[in-house]
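User: I'd like a close look at one part of this model, the helix packing and what surrounds it. Can you walk me through it?

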Amino acid sequence: MQLKNLNTKFIGRNSIYFTEIDSTQKEIWRLIEKGTIPSGTLVMADIQNSGIGTHGRVWHTDEKNNIAFSFFINMDCNIPNLDGITIETAKILVDIFKDKYNVALQIKEPNDIVYKGKKIGGILTETKVMSGKVRTLVIGIGINTAKEKFTDDIKDIATSIKKEFDIDIDREYIISEFCNRFEVKILKRVGK
């Protein structure tokens, strides 16, 4: 899946797509450690068999056509400049779903996107700090757009766009539009 409709300078300009992977977040960190990818690189997957949620929890991406991606940005900013970045990321996503599909999702702080109290998506924000400054920002996003099967442990607390609204989501549009909006709204704030 190659991203189109990008208006960014660098976010998403280099994208890597997997039909299946352990975790887009883990893959980004592996590539950063190797020093083989440019800032703004985005890793997407159809299926993650070991996706990462917050507090070390598993994020289930075991059916196709859901949204699972991570991206990274080389930074050189003070830590307070990134205060609230996870909520800002969630707001961008909620706005995109409202604008494109007239779907009204909510944010459950600090990092969940929900509908009627059930989790539809999550955001994982990680940084690498050196000498008191943020040098690397990695954000992972998972959204249940098409998921219809939920295991017993999450069936009462998780849901999907398909299940709630019976609509098919254009993943490429959501990811591309997210990159466009994130670069404009967030990076100005950190002087990038």
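At what angle do H2 and H4 pack, and how far apart are their axes?

Analyst: Bear in mind that this is a predicted model. H2 and H4 pack at an angle of about 130°, and their axes are 10 Å apart. Angles over 145 degrees would count as roughly antiparallel and 65 to 115 as roughly perpendicular, so H2 ends up oblique to H4. As for handedness, the H2–H4 crossing is right-handed. On the H2 side, the contact is made by Ile85, Thr89, Ile92, Leu93, Asp95, Ile96, Phe97, Asp99, Lys100 and Tyr101. H4 brings Tyr173, Ile174, Glu177, Phe178, Arg181, Phe182 and Lys185 to that contact.

Now for the core around it. The largest nonpolar core has 41 residues, and the ones touching the most other members are Phe69, Phe71, Phe97, Leu105, Phe178 and Phe182. Both helices, H2 (85–101) and H4 (171–185), give two or more residues to this core, as do strands E2 (42–52), E4 (67–78), E6 (112–115), E7 (118–130) and E8 (133–143). H2 supplies the largest share, 8 residues.

Phe69 is a good place to zoom in. Setting aside neighbours within four places in sequence, Phe69 is in contact with Phe178 and Ile175, and also with Thr24, Leu42, Val43, Met44, Ile139, Gly140 and Ile141. Another core lies apart from the largest one; this second core has 8 residues, among them Ile28, Ile32, Ile37 and Phe72.

Conventions:
Residues are numbered from 1 along each chain as its sequence is written. This is a predicted model: local features need pLDDT of at least 70, side-chain atom pairs count only at pLDDT 80 or more; totals for chains, interfaces and linings use all residues. Side-chain values use heavy atoms; hydrogens and water are left out. A nonpolar core is a set of buried Ala, Val, Leu, Ile, Met, Phe, Trp, Tyr and Cys residues joined through side-chain atoms within 4.5 Å. Buried means under 20% relative accessible area, exposed over 50%, partly exposed in between (1.4 Å probe, protein chains only). Helices (H or I, at least four residues) and strands (E, at least two) are DSSP runs, numbered from the N terminus. Contact means heavy atoms within 4.5 Å. Axes are lines fitted to C-alpha atoms, for helices over the stretch in contact, and angles run from 0 to 180 degrees between N-to-C directions. Angles under 35 degrees count as roughly parallel, over 145 as roughly antiparallel, 65 to 115 as roughly perpendicular and the rest as oblique. A crossing is left-handed if the near helix is turned anticlockwise from the far one by less than a right angle, and right-handed if clockwise.
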